[in-house]
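These notebook entries record what I looked up in one structure, taken topic by topic. I begin with a term that the entries on strands will need.

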Amino acid sequence: MSRLRRVGMVLARAFAAALVLPVPSIAAEVPAASAVVKPAQPVIASAHRLATEAGHRVLADGGNAFDAAIAVSATLGLVEPESSGIGGGGFFLLRRASDGHVVFVDARERAPMAATRDMFLDANGQPIPERSINGPLAAGIPGLPAGLVHLAERYGRLPLERSLMPAIELAERGWPWGVKNQAMIGWRQRVLEADRGARALFLPGGKPPAVGTRMRNPDYARTLRRLARDGFDGFYRGDTARRLVDGVRRAGGIWTLEDLAGYAVIEREPIRFRYRGAEIVTAPPPSSGGVALASILHILAPFELDQMAPAARTHVLVEAMRRAYRDRAIYLGDPDQVRIPVDLLVDPAYAAGLRAGINLERATPSELLPGISARPGSDQTTHYSIIDAEGNLASVTQTVNLPFGNGMVIPGTGFLLNNEMDDFSVKPGVPNAFGLVGEDANAVAPGKRPLSSMTPTFVLAPDRVTVLGTPGGSRIISMVLLGVLAVLDGQGAQAVADAPRIHHQYLPDTLSAEPGALAPDVVEALKAKGHTVSQGERNWGNMQIVSWWLSDGRVEAGFDRRWKSASVDEPTDGAIFR
Ligand code: DON
């Protein structure tokens, strides 16, 4: 173990003591409360028009943003099955308008109780290719259904059945297969072919449906009806639970009925801090997003980023990212199973120390800091953002991890299982599908939640409330960071979603950039400082962002426009107003 790592562990233990202190009750103030004009209309941005419409339908039915979130979540699970669903998990960041209460509903998957630290290694201690990605061992116990039940019981205004109804009806009536569905299935066809349930649902006649094909999923409708009728027990006990456990075990998996019955969502206190006059409210562990975001923004605090030349600005952004992702790799995991020095990592004084190590002229090689290696992620997972007419906020990122999760649909259930087990560090230093490395803090263990990068976020600025987030694996944190900076620079929601991005995740020691993010002279200047620059050919993520201007109640949505033609007759420009 390196000396730095040992020091870190000592620090981790010391700071963990602070974490047991009682936490104050939390209400995030929308600034200048007296001058606030309520939103002129509700606004939803999601990755699919039909999901956005489902949310609006529930709002029109008397629901609030949290009921609408249930509708959007359940509909995305149907029409964007490659990205998320009730066989997966998610994080719900909520703010209640009436009292400013903010809460982070952790509906992340958990490892089954029979999971073991070395379950993805062979007898020689080497990772078994794809075992944490495809098939029954790759799936964690789903959290999303429990999250939907929790939202309805604690925060919604409508019975769960009413909020689930748009998704139920759509599953029965059918919806058109889209360009994005089609693009993603190509990536996972081999795995889907290997599973009877997945084949029946997604490869009718043995091949991917043509774009525009009307898809129906009556099994999904039945599963949702059971959830609507019986709440938690409608998924985690009884018929659905039995089918899942039988199906997973028949395929060689290790789920038990107790794993399902024992699942629980956890309400956690969001990470909250101030940056440039705004309060940022964001995801705590088991997401790494909020801790990294706080660390990066604290490092950046003294820099006048908007006054800096592009190369200098990019340089300090990258050096801040490098350091925060380094800490992610070492310290972060499930806070219920490992001690995480959260208070230290989000402390401005700690960030000042990290900042002091930045040379403004030279890149710091990542190998000077402890850690490991990387491959890029693909763009799955999904995010949506809601502001209702009362000012309730919902920022939700949900996922089955890689496209089409583990590729298994247990017959009769109508949904894919996740492959979130790959978000664990299967072995210290061995990168996962996103090239992220980890250590003991994120090792596999029974009942543990794998570390996530999903970063649903609120930016509560004096003049404007913004809800944002995106998929994108390890790049989620960088994308949300750049989104927060752009919001605070005064950019409109669509401009924020459109802005090309850069990313650095410590290892590999590469500054990656979307097409058009860096001008040729800026690339040269960054190389001269010692950066390895990789300019990609494609864009990342799928940002969905909404803003509400407090002075006049105006609302605005921005969405990732690349998927505009995602289906023939249903464009997925998720931003719709009523
Ligand atoms: O929780 C996480 O960080 C990942 N499972 C998210 C995966 C993702 O965003 C895939 N898209 N690129």
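**Entry 1: a term, and strands S7 and S8.** I take two strands to be paired if DSSP finds at least two bridges between them. The model I am reading is predicted. By that rule I looked up strand S7 (residues 271-275) and strand S8 (residues 278-282), which pair in the antiparallel sense over 5 bridges. One bridge places arginine 274 opposite its partner in S8, glutamate 279. The two strands form a hairpin with 2 residues between them. In the turn, I noted a positive phi of about 45° at arginine 276.

I then asked which side chains of S7 point to one face and are buried. They are Ile271, Phe273 and Tyr275. Arg272 and Arg274 point to the other face and are not buried.

**Entry 2: from S8 to S11 and S12.** I followed the pairing onward from S8. S8 and S11 are antiparallel and share 3 bridges. Here isoleucine 280 stands opposite valine 459 of S11. S11 in turn is joined by 4 bridges to strand S12 (residues 464-468), again running antiparallel. Phenylalanine 458 has valine 467 in S12 as its bridge partner. S11 and S12 form a hairpin as well, with 3 residues between them.

I checked the side chains of S11 for burial. Thr457 and Val459 point one way, Phe458 and Leu460 point the other way, and all are buried.

**Entry 3: a sheet of three strands.** I recorded an open sheet of 3 strands in the order S13-S14-S15, with mixed pairing. Strand S13 (502-503) and strand S15 (533-535) stand at its edges, each with a single partner strand, so one side of each has no neighbour in the sheet. S13 runs antiparallel to strand S14 (residues 511-513), and 2 bridges join them. Histidine 503 stands opposite serine 512 in S14.

**Entry 4: the chain as a whole.** I counted 18 helices and 18 strands in the protein chain. Of its 578 residues, 64% are buried. I also looked at contacts between residues at least 6 apart in sequence, and 74% of these join residues at least 24 apart. The chain exposes about 19,800 Å², of which carbon and sulfur atoms supply 52%.

**Entry 5: nonpolar cores.** In soluble globular proteins, nonpolar side chains tend to be buried together. I therefore searched for nonpolar cores, and the largest has 95 residues. Which residues have the most contacts inside it? They are Leu297, Leu300, Ile502 and Leu518. Helix H16 (residues 476-488) gives the largest share of this core, 11 residues. Apart from this core lies another, of 72 residues, which includes Ile70, Tyr220, Ile386 and Leu417.

I examined isoleucine 502 further. Leaving out residues up to four places away in sequence, isoleucine 502 touches residues including Thr314, Leu317, Met321, Leu482, Leu511, Leu518 and Trp540.

**Entry 6: aromatic pairs.** My search of the whole structure found 8 aromatic pairs. One of them joins phenylalanine 66 and tyrosine 155, with 6.0 Å from centre to centre and 70° between the planes, an edge-to-face arrangement. Phenylalanine 66 lies in helix H3 (residues 65-79), and tyrosine 155 in the loop between helix H4 (144-154) and helix H5 (160-173), so the pair ties together parts that are 89 residues apart in sequence. Both phenylalanine 66 and tyrosine 155 are buried.

A second pair I noted is tilted, because the ring centres of phenylalanine 235 and phenylalanine 415 are 5.6 Å apart and the planes lie at 35°. Phenylalanine 235 belongs to helix H9 (residues 233-236), and phenylalanine 415 to the loop between strand S10 (393-399) and strand S11 (457-460), so parts 180 residues apart in sequence are tied together. Phenylalanine 235 counts as buried at 0% relative accessibility, and phenylalanine 415 is buried at 3%. Ring pairs link Phe232, Phe235, Tyr236, Tyr263 and Phe415 into a cluster.

**Entry 7: charges over rings.** Last, I looked for arginine side chains placed over aromatic rings. The charged end of arginine 475 sits over the ring of tryptophan 540, 4.3 Å from the ring centre. Arginine 554 lies over the face of tryptophan 549, at 4.2 Å from the ring centre.

Methods:
Residues numbered from 1 in each chain as written. Predicted model: local features only at pLDDT ≥ 70, side-chain atom pairs only at ≥ 80, totals over all residues. Heavy atoms only, no water. Phe/Tyr/Trp six-rings, centres within 6.5 Å; stacked < 30°, edge-to-face > 60°. Buried < 20%, exposed > 50% of the residue type's maximum accessible area, 1.4 Å probe, protein only. Lys NZ or Arg CZ within 6 Å of the ring centre and 35° of its normal. Contact = heavy atoms within 4.5 Å. Areas by Shrake-Rupley, 256 points an atom, 1.4 Å probe, with all protein chains shown as cover. Core = buried A, V, L, I, M, F, W, Y, C linked by side-chain atoms within 4.5 Å.
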